[in-house]
Amino acid sequence: MRPLSDELILAVDLGTSGPKVALVTSRGEVLDWEFEHVPLYLLPGGGAEQDANEWWTAIGKAMYRLLQRNAQSKSGIAALCCTSQWSGTVAIDASAQPLARAIIWMDARGAPYVRRITAGGIALQGYSILKLLYWVRLTGGAPSQSGKDSIAHILYLRHRAPELFHQAHKFLEPKDFLNLRFTGEYAASFDSIGLHWITDNRNLDQVKYSPRLLGYAGLDETRLPPLKRSIDILGEIRPVVADEFGLPRGVKVIVGSPDMQSAAIGSGAVEDGQAHLYIGTSSWLCCHTPKLKTDILHNIGTIPSAIPNRYLVLNEQECAGACLDYYLRQVLYPEELGGLEKIPEVYYQRANQQAGAAPAGSGRVIFAPWLYGERTPVDDHLARGAFFNLSLRTSQAHLTRAVFEGVAYNTRWLLTFVEKFVQRRLEQINFVGGGAQSDLWCQIHADVLQRTIHKMHQPILVNARGAAFIASVGMGWLTFADVPACVPVERTFIPQTEHVERYEQLYREFIRFYERNRAGYARLNRLVPRRADRKGRQHG
């Protein structure tokens with residue numbers, strides 16, 4: 001490792017709830033940070049949108065407060081790197097202005113149109129076998145039929161908002177939109193473009209658009225950004241933006257990565273087979289691998305990592321921290337939290353205390369966390385959440401703990417197929433994200449997964465730290481091999497043997513609950529009208 005200078009990195013982490021802006025050293029130490037909330041707009045039919053201009057305004061507010069407190073450090077800022085929520089689409093005009101609100105990763109309105117482009121001939125689970133084989137061979141996966149991938153958003157605009165679609169100059173991921181605002185340069189990283197499923201990822205030195213896959217989607221390469229590595233220097237911050245935000249001119253902007261890839265690096269799990277578990281609004285369990293591979297049956301694949309010449313195992317569970325937020329807002333404290341954009345920390349502390357007062361297993365109450373459908377290990381956008389096995393003896397503490405445990409059962413379900421995918425047992429897992437701030441949740445995951453859980457230092461800042469590491473490598477200050485030594489373990493959680501048998505039984509019932517109710521979810525939530533026979537009786 002070469003000696004480090006006094007230069008600093010400004011890391012921008014755009015999450016679903018809003019952006020964090022952090023001042024980070026070259027070794028990944030977060031010196032200070034700020035957060036600003038942005039609204040989420042949920043629409044009928046599975047729509048989920050945010051305003052890209054509100055992202056930019058929120059970044060400006062957070063950055064202003066951060067730099068006001070750290071005015072003496074501004075001159076040392078040499079690089080800026082963005083990370084963001086993934087699988088979002090910002091349609092912009094030729095002057096780089098958004099034509100409408102951004103469609104984000106939760107949006108499922110494109111599902112019917114993805115099914116059209118993936119269908120044809122002899123089919124497997126709704127996919128044309130010939131198309132599927134080509135997608136898997138080139139990309140390591142295929143478009144999810146849930147309609148929540150970026151390609152589905154673009155198809156939705158083409159079919160449901162054709163005027164906007166034809167006006168669009170480019171379609172950009174959220175991170176790539178922010179980079180455009182900072183530099184004036186169009187670019188996607190090899191990893192951020194992944195959920196468009198239109199690139200040939202077999203050679204990680206030369207990821208490129210595939211004419212045949214573009215043809216499947218009916219897209220023109222000119223309406224998509226050029227491709228670069230995550231560690232490439234995109235350019236310098238525009239003088240007008242530097243002046244607006246109070247930054248020194250000449251700050252280098254690194255291409256950066258989406259949140260999943262930056263979290264993998266910020267967790268310290270950069271070697272092949274080293275796993276990290278992230279629990280934020282959604283959750284995932286990932287590790288790096290040298291191989292391009294897919295498990296289409298369980299919606300697991302590999303996509304380019306921010307680390308050159310490495311792939312990252314791709315999966316996602318739709319709702320994790322979102323389940324706890326929903327429970328706090330709608331069940332425990334609806335009147336107190338009804339008008340608040342952000343849940344104050346004290347309410348999470350209350351939930352932890354209440355859940356900690358209940359026994360392991362929550363009196364055999366089980367919570368299903370599929371509040372917005374599921375992606376992995378089942379691709380089912382019609383699944384929904386539930387408490388089951390309630391009785392007159394069920395207390396509020398039982399329900400609260402059941403929410404924590406239900407998310408962990410879902411992670412255990414995912415772990416089963418991730419380990420089969422990478423063909424190794426993931427003995428130790430680095431736990432990061434907002435969920436890792438709860439020691440109780442860390443211990444529950446250790447008990448349910450029957451794995452050692454490492455709670456990493458500053459787990460809520462993992463994405464910002466990962467973006468800073470990407471910038472450090474891009475600027476030549478670090479190598480990725482240096483990263484693990486820069487991310488300390490805050491605490492280690494070992495499975496408690498007295499809880500293993502109880503959780504094992506409840507986990508098996510958790511899986512059976514989904515299997516028995518899957519058809520019912522489809523009947524209740526399928527967005528098609530019921531048909532009437534000649535006697536007026538309803539069917540469908």
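This passage describes three consecutively numbered strands and a nonpolar surface patch in a predicted model. Residues are numbered from 1 along each chain as its sequence is written, and side-chain values use heavy atoms, with hydrogens and water left out. Because the model is predicted, local features need pLDDT of at least 70 and side-chain atom pairs count only at pLDDT 80 or more, whereas totals for chains, interfaces and linings use all residues.

Strand E21 spans residues 300–304; strands (E, at least two residues) and helices (H or I, at least four) are DSSP runs numbered from the N terminus. E21 is mostly covered, with 5 of its 5 residues buried, that is, under 20% relative accessible area, where exposed is over 50% and partly exposed lies in between (1.4 Å probe, protein chains only).

Strand E20 (residues 294–295) pairs with E21 in the antiparallel sense over 2 bridges; pairing requires that DSSP finds at least two bridges between two strands. Asp295 has Ile300 of E21 as its bridge partner. The hairpin of E20 and E21 has 4 residues between the strands, and Asn299 takes a positive phi near 60 degrees there.

E21 is also joined, by 4 bridges, to the antiparallel strand E22 (residues 311–314). Thr302 has Val313 of E22 as its bridge partner. In the hairpin of E21 and E22, 6 residues lie between the strands, and Asn309 in the turn has a positive phi of about 65 degrees.

Elsewhere, Leu133 is located in helix H3 (residues 129–139). Leu133 counts as exposed because its relative accessibility is 56%.

Definitions and conventions:
Patches are made of residues with over 30% relative accessible area and no salt bridge: like charges are joined within 9 Å, nonpolar side chains (Val, Leu, Ile, Met, Phe, Trp, Tyr) within 5 Å. Accessible areas come from the Shrake-Rupley method with a 1.4 Å probe; for residues, only the protein chains shown count as cover. A salt bridge is a side-chain nitrogen of Lys or Arg within 4 Å of a carboxyl oxygen of Asp or Glu.
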